[in-house]
Amino acid sequence: MQEVRTYYYNQGNAVRKETELVLSPARSLPTREQREREKREEAKRLQKITDRRRAAALRKNRLLTGYMIAAVVLTCLMLVGYVGLQTSVTTRMNHIADLQNELSTVNADNKAAESRIATTTNLSEIKDKAINELGMVYATNNQIVYYSVDGSDYMSQYQDIP
């Protein structure tokens, strides 16, 4: 090994201190085999880094895929539940419509029966039968009692008066 010394020449009023600069000997150039080995080692190191990053990304992708699958399943379950509720509401509405039709039919039958009964009864026959057969008479003036009702009173009617 050889030491190389460098000396500076001073000019002008800005004089430098004299220092010795010692240079270490230059490194010898690597051989071809050493360069190839270093390239292989660097390639292996980069491959390991790439593999680690790829594995981390794969784990992250699996986790995200799991979340997405769970979200899709949950959404499908909610949609199925919604469709079930809609079907239930539609079925109940149809049942209510059927019951309303049945009620209107029964009301029509009742009104027809009431009108038939009202047309078949003759008030004069009823009066004649009540007076002649049952011995009923009209009320006299002393049998009629009048009374007044205060506005604060009330009456609950539970049935129709015949």
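**Exercise 1. Place R52 and decide whether R52 is buried or exposed.**

Step 1: R52 lies in helix α1; helices (H or I, at least four residues) and strands (E, at least two) are DSSP runs, numbered from the N terminus.

Step 2: The model is predicted, so local features need pLDDT of at least 70, side-chain atom pairs count only at pLDDT 80 or more, and totals for chains, interfaces and linings use all residues. Residues are numbered from 1 along each chain as its sequence is written, and side-chain values use heavy atoms, with hydrogens and water left out.

Step 3: Now learn the scale: buried means under 20% relative accessible area, exposed means over 50%, and partly exposed is in between (1.4 Å probe, protein chains only). R52 has a relative accessible area of 56%, so R52 is exposed.

**Exercise 2. Find the positive surface patch that R52 belongs to.**

Step 1: Start with the rule. Patches are made of residues with over 30% relative accessible area and no salt bridge; like charges are joined within 9 Å, and nonpolar side chains (Val, Leu, Ile, Met, Phe, Trp, Tyr) within 5 Å.

Step 2: Lys and Arg count as positive and Asp and Glu as negative, while His and the chain ends are not counted. The place of a charge is taken as NZ of Lys, CZ of Arg, CG of Asp or CD of Glu.

Step 3: The patch is formed by R37, R40, K44, K48 and R52.

**Exercise 3. Describe the nonpolar patch that contains L63.**

Step 1: L63 sits in helix α1, which covers residues 32-120. With 49% relative accessibility, L63 counts as partly exposed.

Step 2: Together with L64 and Y67, L63 makes a nonpolar patch on the surface, and the three have about 340 Å² of accessible area together. Such areas come from the Shrake-Rupley method with a 1.4 Å probe; for residues, only the protein chains shown count as cover.

**Exercise 4. How many salt bridges are there, and which residues form them?**

Step 1: Side chains of opposite charge can pair when their charged atoms come close. A salt bridge here is a side-chain nitrogen of Lys or Arg within 4 Å of a carboxyl oxygen of Asp or Glu. By this rule the count is three.

Step 2: R32 and E36 are joined at 3.7 Å, N to O. They are four residues apart in helix α1, so about one helical turn separates them. R32 is exposed at 61% relative accessible area, and E36 is partly exposed at 38%.

Step 3: For R45 and E42, the closest N and O atoms are 2.5 Å apart. These two are three residues apart in helix α1, again about one helical turn. R45 is partly exposed at 43%, and E42 is partly exposed at 35%.

Step 4: R54 and D51 meet at 3.7 Å, N to O. Being three residues apart in helix α1, they too are separated by about one helical turn. D51 is partly exposed, at 35%.

**Exercise 5. Summarise the whole chain and its confidence.**

Step 1: The chain has two helices and two strands, in the order β-β-α-α along the sequence.

Step 2: Of the 162 residues, 1% are buried. The accessible surface is about 16,600 Å², and 57% of this belongs to carbon and sulfur atoms.

Step 3: pLDDT is the predictor's confidence in each residue, from 0 to 100. The chain averages 84, and 78% of the residues score at least 70. Among the elements, α1 has the highest mean pLDDT (92), and strand β2 (residues 21-23) the lowest (65). Where pLDDT is low, the predicted coordinates should not be read in detail.
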